[in-house]
Protein chains: 2
Amino acid sequence: MPVTMRDVAQKADVSIKTVSRVVNDQGEVANETRERVSAAIEELGYRPSKLARALVTQRTDTLGLIVSDITNPFFSEFSCGMLDASQAQGYDVFLCNSGARVKPEIRALRSLADHNVDGIILFPSWLNEDKLRAFVERHRPVVVVNRAFEEHPGMGQVLMDARGGAKLAVDHLVSKGHTAIGMLAGYATYPDVFQRVCGFRETVVAHGLPLKDEWIIAVTPVIEQGRQAALQLLTQHPQVTAVFAYNDLLAVGAIQACRELERRVPDDCAIVGFDNVQLAALITPPLTTVHVDKYELGWQAVTLLVRMLDDPEAELPPVCLDVELVIRESA
Amino acid sequence: MPVTMRDVAQKADVSIKTVSRVVNDQGEVANETRERVSAAIEELGYRPSKLARALVTQRTDTLGLIVSDITNPFFSEFSCGMLDASQAQGYDVFLCNSGARVKPEIRALRSLADHNVDGIILFPSWLNEDKLRAFVERHRPVVVVNRAFEEHPGMGQVLMDARGGAKLAVDHLVSKGHTAIGMLAGYATYPDVFQRVCGFRETVVAHGLPLKDEWIIAVTPVIEQGRQAALQLLTQHPQVTAVFAYNDLLAVGAIQACRELERRVPDDCAIVGFDNVQLAALITPPLTTVHVDKYELGWQAVTLLVRMLDDPEAELPPVCLDVELVIRESA
DNA sequence: CTGAAAGCGCTTACAG
DNA sequence: CTGAAAGCGCTTACAG
């Protein structure tokens, strides 16, 4: 029932090929013909089928995005930037939630490949590098966010300076006189946890402070888990007077824990988060945290991916966004 | 380069049609043949092209979602429910951000139609009912969320009891002794604003309280706008001692305004929000608000849409979710 | 139980 | 400047 190219051709009394030419604005078409065809298109309300076109061109004008948890404001901000950029470039985007679990992540990759997306932006939860490379070779280009991979054709990387961010956080805590600093690390399956933990360890050691494994607790980075982990950390190791959290959600949980333990923030326990989500400024006390431009991160991921699509041979270096410390009241 | 049905057929020494049969698990196939084909599929890592299939079946196994602002936690929670439900039903989903503006919304509808999505879930910002009906007739079924339309084949509705929620909020404020109640309404282009404002007006009148148009301010429902609107409301009309907000974001803005005006919440000014997003419980003071299950709302929207797709003739009544008042400290 | 033909709605060489 | 043929990778009747 939808109107096809054939209908337009018939109405304009030309061949299908000619319609195709004016639709795609390619090849020479006599002005008079072009106008007749345009008129027919207008009149019939013709819109070319992306499906049919894709079948022959192997381009669908779609991108896939796989996030860990769309409910986490970090990812929704990122998605917003990604969507705006995609739209600006003429792509529509499939969204998939992996829950930061491997199986759903693989399922999402497969599913996106089945739909022939042109490219994928992925927050890998955990994924064998070889597997991902195999996927890229067999299917479509992937831009990986927040995880450093070995460079590989068809794989792009968009990173933030997580290590530097962790250093900023610890430096700040040390400057406030803290010597016993713990960390609420993200769940181990989040690859970028590694960078933040690294930065944390390095900086603590660089300051000549004690570094205890028991002071680093790994949990799923949501508020309630942060609360429980902080409760445990501060109860079992009361000497800890400062906490660096993998992200703001965990930091908020830590603030709740302090309230329950009647530890004043920042006097009895200082807390620094990471991401600077909207919530960070709204909580009491307002959170000192490491800021990263999440919208920009999403935008850059698309920019890189589109570049890869436009020139598959190009060797594009990883993109890395700077971070900065935002000092509020929690530390 | 990707492996096709033809490759499988060749390897299994059968016709393409037979491969199609085992892939789609339809028609009788001799066991021995089926196994040979399955083995070939396995061996070659064959995956059927959804594109090619869609071209003939007119089914893409995709759904579209158009939200106003993915950055608003209401929508991200909704999306989460929608994604989980879609996946459970075998659909992948396109996400579009309309920014609650008409043009991007229409562009998104068109774009989704171009990709032949099977159905669409839409938060209409403002859209002529006739236009939407025309779209549905020409293209694909749409489930509209949070806006009451006249019933129409191909259009489903998922609602929440917004009016009832507004009543709960006002009743609560009245029970606390408030007699001068203002409202921070959402920007007028949000259709569901209507229900909440209606419920507000009705209930205020039902209690025999004054209802002043100047006490109802319409703004874009984000925190900063809420802050400014509340500042204006409480400065120009200091007699107002209670505020009902269209959503939690506006309510949070109102709390900030009160802080700036040195009005204690709830003693000098009581505030009630709507949605019960995560932030509501975390702000100081914790927000009294109207709870609605956003995840469930997303899930229900998909359920309804899939029903419509499975049986285009069925007349499915609107789905309406209950709401409840969550009393915390802001009122 | 299995296959050959036609077609979904386009684009890509190739002619003229 | 314009068109006829082949084909993208599948499924849908229809035969046998």
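A polar contact is here a pair of N or O atoms within 3.5 Å, and the views below are taken from a predicted model.

**View 1. Polar contacts to DNA strand D.** An N or O atom in the side chain of A:Arg21 lies 2.8 Å from a base nitrogen of DNA strand D, and a polar backbone atom of B:Ala52 is 3.2 Å from a base nitrogen of that strand. The phosphate is also approached, with a polar side-chain atom of B:Tyr46 lying 3.0 Å from a phosphate oxygen of DNA strand D. Helix 2 (16–23) and helix 4 (50–57) of chain A, together with helix 2 (16–23) and helix 4 (50–57) of chain B, each give two or more residues to the surface near this strand.

**View 2. The protein surface around DNA strand D.** Of the 27 residues around DNA strand D, those that come nearest are A:Thr18, A:Glu28, A:Thr33, B:Lys17 and B:Ser20, while sugar and phosphate make up 66% of the strand's atoms that come within 4 Å of the protein. Helix 4 of chain B contributes the largest share of this surface, five residues.

**View 3. Polar contacts to DNA strand C.** A base nitrogen of DNA strand C lies 2.9 Å from an N or O atom in the side chain of B:Arg21, and another contact to a base nitrogen of this strand, at 3.2 Å, involves a backbone N or O atom of A:Ala52. A polar side-chain atom of B:Thr18 is 2.8 Å from a phosphate oxygen of DNA strand C.

**View 4. The protein surface around DNA strand C.** Helix 4 of chain A gives the most to this surface, with five residues, and by class the surface has 12 nonpolar, nine polar and five charged residues.

Conventions: Residues are numbered from 1 along each chain as its sequence is written. Chains are lettered from A and ligands numbered from 1 in the order in which they are written. This is a predicted model: local features need pLDDT of at least 70, side-chain atom pairs count only at pLDDT 80 or more; totals for chains, interfaces and linings use all residues. Side-chain values use heavy atoms; hydrogens and water are left out. A residue is near a molecule or strand if one of its heavy atoms lies within 4 Å of it. A polar contact is a pair of N or O atoms within 3.5 Å; within protein, one must be able to donate a hydrogen and the other to accept it, and residues adjacent in sequence count only if both atoms are side-chain atoms. Helices (H or I, at least four residues) and strands (E, at least two) are DSSP runs, numbered from the N terminus. Ala, Val, Leu, Ile, Met, Phe, Trp, Tyr, Cys and Pro count as nonpolar, Asp, Glu, Lys and Arg as charged, and the others, Gly among them, as polar.
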